[in-house]
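This note is addressed to a colleague who is meeting the structure for the first time. Please read the points below alongside the sequence and the model.

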Amino acid sequence: MMNKEFTSSQIKHLHEIAEEEVEDMFSDAEEIGSSDISICVRNVLETAKREGIVHTDADFQLTAVRSIVNQELSNMEEV
């Protein structure tokens, strides 16, 4: 049986990675397109992989990271 969840520490770390990447990429952006978000998601996935956070289900991981990036973008808009 495949675990469809990240651990809480993995989620926290993914949020930290995504927060930094979103800040680096979009802090001075006037517009953010879907391709920009895809690049950001790919960068987060690459960093997570280097740091040992890899889920066995690549589709689940992609969806989870895209959701985290969108949350971080929303958080940035609130500031």
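The points that follow concern confidence, helix packing, the nonpolar core and two individual residues.

1. The model is predicted. Its mean pLDDT is 91, and 94% of the residues reach 70 or more. Among the elements of the protein, helix H2 has the highest mean pLDDT, at 96, and helix H3 the lowest, at 92.

2. Helix H2 spans residues 34–50 and helix H3 spans residues 58–78; the two pack at an angle of about 115°, and their axes lie 9 Å apart. The crossing of H2 and H3 is right-handed.

3. On the H2 side, the contact is made by Ile 37, Ser 38, Cys 40, Val 41, Val 44 and Leu 45; these meet Gln 61, Leu 62, Val 65, Arg 66, Val 69, Asn 70 and Leu 73 of H3. Sorted by class, the contact comprises 9 nonpolar, 3 polar and 1 charged residues.

4. The largest nonpolar core holds 17 residues, and those with the most contacts inside it are Leu 14, Val 22, Cys 40, Val 44, Val 65, Val 69 and Leu 73. At least two residues of this core come from each of H1 (8–26), H2 and H3.

5. Leaving aside residues up to four places away in sequence, Cys 40 touches Glu 21, Val 22, Met 25, Phe 26 and Val 69.

6. Is Ser 38, a residue of helix H2, buried or partly exposed? Ser 38 counts as partly exposed because its relative accessible area is 32%, whereas buried means under 20% and exposed over 50%. Between Ser 38 and Val 69 there are 9.5 Å in space, C-alpha to C-alpha, and the two are 31 residues apart in sequence.

Note on methods:
Residues numbered from 1 in each chain as written. Predicted model: local features only at pLDDT ≥ 70, side-chain atom pairs only at ≥ 80, totals over all residues. Heavy atoms only, no water. Axes fitted to C-alpha atoms, helices over the stretch in contact; angles between N-to-C directions. Helix = DSSP H or I, 4+ residues; strand = E, 2+ residues; numbered from the N terminus. Left-handed = near helix turned anticlockwise from the far one by under 90°. Contact = heavy atoms within 4.5 Å. Nonpolar A, V, L, I, M, F, W, Y, C, P; charged D, E, K, R; others polar. Core = buried A, V, L, I, M, F, W, Y, C linked by side-chain atoms within 4.5 Å. Buried < 20%, exposed > 50% of the residue type's maximum accessible area, 1.4 Å probe, protein only. pLDDT = per-residue confidence, 0-100.
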